[in-house]
Amino acid sequence: MNNLSIPNNDWDAALYEDKHAFVWQYGDDLLKFLNPKPGESILDLGCGTGQLTEKIAQAGVQVIGVDHAPTMIEKARENYPHIHFDIADATNFQVDKRLDAVFSNAVLHWVKEADSAIASIHQSLKPGGRFVAEFGGKGNVQAIATALETALEAFNISTQARNPWYFPSIGEYATLLEQQGFDVIHAMLFARPTPLAEGEAGMANWIQMFASTFLAGLSSKQQIQVIRAVEEYLKPTLYQQGTWTADYRRIRIVAIKL
Ligand code: BEZ
């Protein structure tokens, strides 16, 4: 068993890069939908440590990467000093000059104020500009969330207020986009079971990185008890041959500003 330390402050950029590389590796697919062209100006919203921002830059694009976590931006700047990175919040960012595209991979499921994010994206684009995004959609990590809920019941903790995620259906998200002046030209919801790194420790690492709000206020010992209980619940379905798999479901959207 690995030792657990649950971070309760900002994103741990080193842990993210070290053990969760699948986040941007799966983003390669989404880049095909973005289809960046030389000379375009593109914003990477929620760029993390910058791997996909760099791939966009390779297409001869003027790219800016933004993320709300200072630790991520610091690491992104260290990784790719030739690229412009800034700290910004998805719900209220502004740009100096309107963009050809806003790209966002694996971020918008953290943004419960979807309306505000869509308004910021809309005002940052040129007319005809495109918004290309992928994130957790309806039913995402349902088994993990249910296991956390069940494990926390033992401590009389309800998870509703602790759940930081927003996993919309296509109908819900497309409607929000249309209401704010986008034409949705592509929308897809699909299962993408995602193997986690680090063998037996994979689920504990994932919870540490992405679900720590569920464990807030518990002692270290209680946190470990919850994680072990979650592992027990999930083992029959999500652990096979030494590897944990997260039950991801992605929503992928391409929308054009009218
Ligand atoms: C996701 O990429 O779907 C995801 C990541 C962290 C927490 C929840 C979902």
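Which residue forms a salt bridge with E78, and how many Å apart are the closest N and O atoms? The partner is K75, and the gap between those closest atoms is 3.5 Å. Keep in mind as you look around that this is a predicted model.

Let's stay with this pair for a moment. E78 and K75 both sit in helix α5, which covers residues 70–79. They are 3 residues apart there, so about one helical turn separates them. E78 itself is exposed, with a relative accessible area of 56%.

The pair is part of a wider set, as a search of the whole structure finds 11 salt bridges. Here are three of them, including the one you have just met.

| Salt bridge | Closest N and O atoms |
|---|---|
| E78 and K75 | 3.5 Å |
| R77 and D86 | 3.6 Å |
| R192 and E134 | 2.8 Å |

Now turn to R77 and D86, which form the salt bridge in the middle row. R77 is partly exposed, at 40% relative accessible area. D86 also counts as partly exposed, with 32% relative accessibility.

The last row takes you to R192 and E134, whose closest N and O atoms are 2.8 Å apart. This salt bridge links distant parts of the chain, since its two residues are 58 residues apart. R192 lies in the loop between β6 (182–191) and β7 (194–195), while E134 belongs to strand β5 (residues 125–136). R192 counts as buried at 11% relative accessibility, and E134 is buried too, at 0%. Through salt bridges that share partners, R192 and E134 join D29, K32, R250 and R252 in one network.

Conventions: Residues are numbered from 1 along each chain as its sequence is written. This is a predicted model: local features need pLDDT of at least 70, side-chain atom pairs count only at pLDDT 80 or more; totals for chains, interfaces and linings use all residues. Side-chain values use heavy atoms; hydrogens and water are left out. A salt bridge is a side-chain nitrogen of Lys or Arg within 4 Å of a carboxyl oxygen of Asp or Glu. Helices (H or I, at least four residues) and strands (E, at least two) are DSSP runs, numbered from the N terminus. Buried means under 20% relative accessible area, exposed over 50%, partly exposed in between (1.4 Å probe, protein chains only).
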